[in-house]
Amino acid sequence: MDTVDQHTDSVSTGTAAVSVTVAEEAPPRRSRNETLYFAFRNRKLVIGLSVVTFFLLLAIVGPWLTDATPFEFGYPTGEPPSREYWLGTTAPGQDVFAQFVYGLRSSFVVGALAGCVAAAIGMTVGFVGGYRGGAVDEILSVLTNVVLVIPTLAVLIIVAAYLSVQSLLAEAVLIGVTSWPWAARAIRAQTFSLASRDFISVARLSGQTGWKIVAKEIAPNMSSYLFLVFILLFGGSVLIAATLDFLGLGPSQVMSLGLMLNNAVSGSALQLGMWWWFIPPGVGITAIVGGLYVMNVGLDEVFNPKLRET
Amino acid sequence: MSRYLLRKSAIYLLTFFVAVSIDFAIPRLMPGNPIDSLIGRLQADSTASQELHGFFTESFGLDEPLWKQYLTFWRGLFHGDLGPSIAYVGSSVTELIWTAIPYTLALLVPAIVLSYIAGNRVGAMAARRKTLDNTVLPVAYVLTAMPYMWLALILAYVLAFRLQIFPVSGAYDFSLQPAWTLEFARSFLAHWFLPFLTLFLVAFGGWAIGMRNLIIYELESEYTNYLQSLGAPSRLVRKYAYSNAVLPQMSGLALALGLVVGGALVTEIVFGYPGIGSLIITAIQVRDYFLLQGIFLFIILGVLIANFIVDIAYVIVDPRTRTGIQGS
């Protein structure tokens, strides 16, 4: 038992050492095929991915399917869904379908951008803290813990109220710079455990700089994990953006799903019984976020055989 | 034990300090002057507005050096003075928040505690039980992905407007005055239920998923295999798995607090429930900055206190933190 363990251990360091010297040669083709095989067999991943893809396509193609623009008035008021107005019209006479597809676009844009910003900050803080250790790590984790405890939404409400956000980009950046802490924490823990492995020591001995080791050795070894973190940040950002828009703190010139809900509430869609006004935006948000979450679990099972259903 | 709590308290104190500083800095750093927008809304003529500008600048102490303003800010804070409200003329921010907070807490505390307990139970039951897992899990995913305000809208539409089982808005019937009577209690509960249910359901989904995954993880571990090979009944094995899985869930509780609070705010808005959320939406609509800043501080303070309570509970549940052994 013991000798076998040692043997596999030396093999794995051996291959790692090879990959250091013969950098980026021979991509692991067989394992990629294997990953794809498990990916398509994983029901969660397939369901999540199809839901997200469906709404993504709708967000891209949707605006071409209708002549109406989201803020345009002059349609019949409070009309239920019909062949002409697929999702009906709002009480003041706007086309719900147009608002919905443009809103979907905003959700994807803000979610992706905010996810990127948060992932970038989280990765920087996590890698530096986990790899460098010492005082730098200590300072960074105090910073992380402080930002972690402060409720994101509270900060966003007060900042957005003063700034009066007028673009999706500004909204995304705001969300991104407040929602990174848990990602930083998770990435730090992973980096920390990777940094003590033999192949990192080998890389260090071969004289590579810290940044190179992080970029070429550590990050690729946890790329699947980083991707999962990004997906969760994406989904979380979509929800936070919807909440901000609902509070009337998002850009008022850009239609979003949260703004639709805001309009529905202030336009008394409930009292008027106009369910078609507030159902679509919520379906959109829930489907995107839920699809991403389920996709995340599916991917996790694909990457990590231990979690696969037995 | 004391070292663990001391370290945590130090972080919370630092967080509070940072939060207060943010609260102080944001209005002063942001482009646009709140006083200008305040005067703009009063629609005074130019000479009067200049007078007003001087008056407001002086009365808010904005003409003093920054460090002095900062000290004054802290002093006001310790005296519970968060400034006057602009939206509700004649009331102070502290007063407004104190009247709103009981309603928000009445929603939040039961929703957090009950969803945590129920979610953990159901999640643990679903783990590694095929049929239960296949029914509970999809529902939990949909619930946790729902924006709070949307679930609130659906519940309000179906249960209050269509079926008329519950009242639609407010915290109690308008014909009643708050009092310790059975009639008032009944009206209060009826109004309370839907917002509570909204918060409960969304949070429940998250806990159930988390617990299910953790239990599966625990059931794969060495000690479970060992127990099973000894022929331990599966009830016992699950019991051990549960007490191990509760720990990460508990640290998750601290993380989730901020989200649930945000959920409570938007849920209150949908139901017109007179808590902090309704205050916020008014404050946003009339740009009542003092009120927003005060609410911000109260939310931070509340979340910090809640975090501290969770930490104490964690020390009680996890013996390792008591003896100073570092857990994994």
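In chain A of this predicted model, 72% of the contacts with a separation of 6 or more join residues 24 or more positions apart. Chain A has 14 helices and 0 strands. Its pattern along the sequence is therefore α-α-α-α-α-α-α-α-α-α-α-α-α-α, with each run counted as a helix or a strand from DSSP. Of the 310 residues in chain A, 47% are buried.

The interface was examined next. On chain A, 38 residues are in contact with 41 residues of chain B. Five elements of chain A each give two or more residues to this side: α5 (134–149), α6 (152–163), α11 (223–246), α12 (257–266) and α14 (275–303). The largest share comes from α6(A), with 10 residues. By class, the side of chain A that touches chain B holds 29 nonpolar, 8 polar and 1 charged residues.

The largest nonpolar core has 174 residues. Within this core, Ile157(A), Met149(B), Ala152(B) and Ile295(B) touch the most other members. Helix α4 (residues 96–132) of chain A gives the most to the core, namely 17 residues. The contacts of Met149(B) reach into both chains. Neighbours within four places in sequence set aside, Met149(B) is in contact with Phe246(A) and Leu261(A). On chain B, its partners are Val266(B), Thr267(B), Ile269(B) and Val270(B). In soluble globular proteins, nonpolar side chains tend to be buried together.

Two helix pairs were analysed. Two packed helices are described by the angle between their axes and the distance between the axes. In chain A, the axes of α4(A) and helix α7 (residues 168–178) come within 8 Å and cross at roughly 40°. The two helices are therefore oblique to each other. Their crossing is right-handed. On α4(A), the contact is made by Ser106(A), Val109(A), Val110(A), Leu113(A), Ala114(A), Val117(A), Ala118(A) and Ile121(A). On α7(A), the residues are Leu168(A), Leu169(A), Glu171(A), Ala172(A), Val173(A), Ile175(A), Gly176(A) and Val177(A). By class, this contact has 13 nonpolar, 2 polar and 1 charged residues.

In chain B, helix α10 (residues 234–271) packs with helix α11 (residues 276–285) at an angle of about 80°. Their axes lie 7 Å apart. The angle makes α10(B) roughly perpendicular to α11(B). From α10(B), the contact takes in Ala264(B), Leu265(B), Val266(B), Thr267(B), Glu268(B) and Ile269(B). From α11(B), it takes in Ile276(B), Gly277(B), Ser278(B), Ile280(B) and Ile281(B). The classes here are 7 nonpolar, 3 polar and 1 charged residues. Val266(B), Thr267(B) and Ile269(B) of α10(B) are also among the contacts of Met149(B).

Helix α9 (residues 222–229) of chain B is hardly covered. Among its 8 residues, the count of buried residues is 0. Just after α9(B), Gly231(B) takes a positive phi of about 85°.

Positive phi values also occur in residues other than glycine. Ser268(A) has a phi of about 50°. This residue lies in the loop between α12 and α13 (269–272) of chain A. Ser268(A) is exposed, because 12 other C-beta atoms lie within 10 Å. In chain B, phi of Gln164(B) is near 55°. Gln164(B) sits in the loop between α7 (148–162) and α8 (182–219) of chain B. With 9 C-beta neighbours inside 10 Å, Gln164(B) also counts as exposed.

Definitions and conventions: Residues numbered from 1 in each chain as written. Chains lettered and ligands numbered in written order. Predicted model: local features only at pLDDT ≥ 70, side-chain atom pairs only at ≥ 80, totals over all residues. Contact = placed C-beta atoms within 7 Å. Helix = DSSP H or I, 4+ residues; strand = E, 2+ residues; numbered from the N terminus. Nonpolar A, V, L, I, M, F, W, Y, C, P; charged D, E, K, R; others polar. Axes fitted to C-alpha atoms, helices over the stretch in contact; angles between N-to-C directions. Parallel < 35°, antiparallel > 145°, perpendicular 65-115°, else oblique. Buried ≥ 20, exposed ≤ 12 C-beta atoms within 10 Å, placed from the backbone. Core = buried A, V, L, I, M, F, W, Y, C linked by C-beta atoms within 7 Å. Left-handed = near helix turned anticlockwise from the far one by under 90°.
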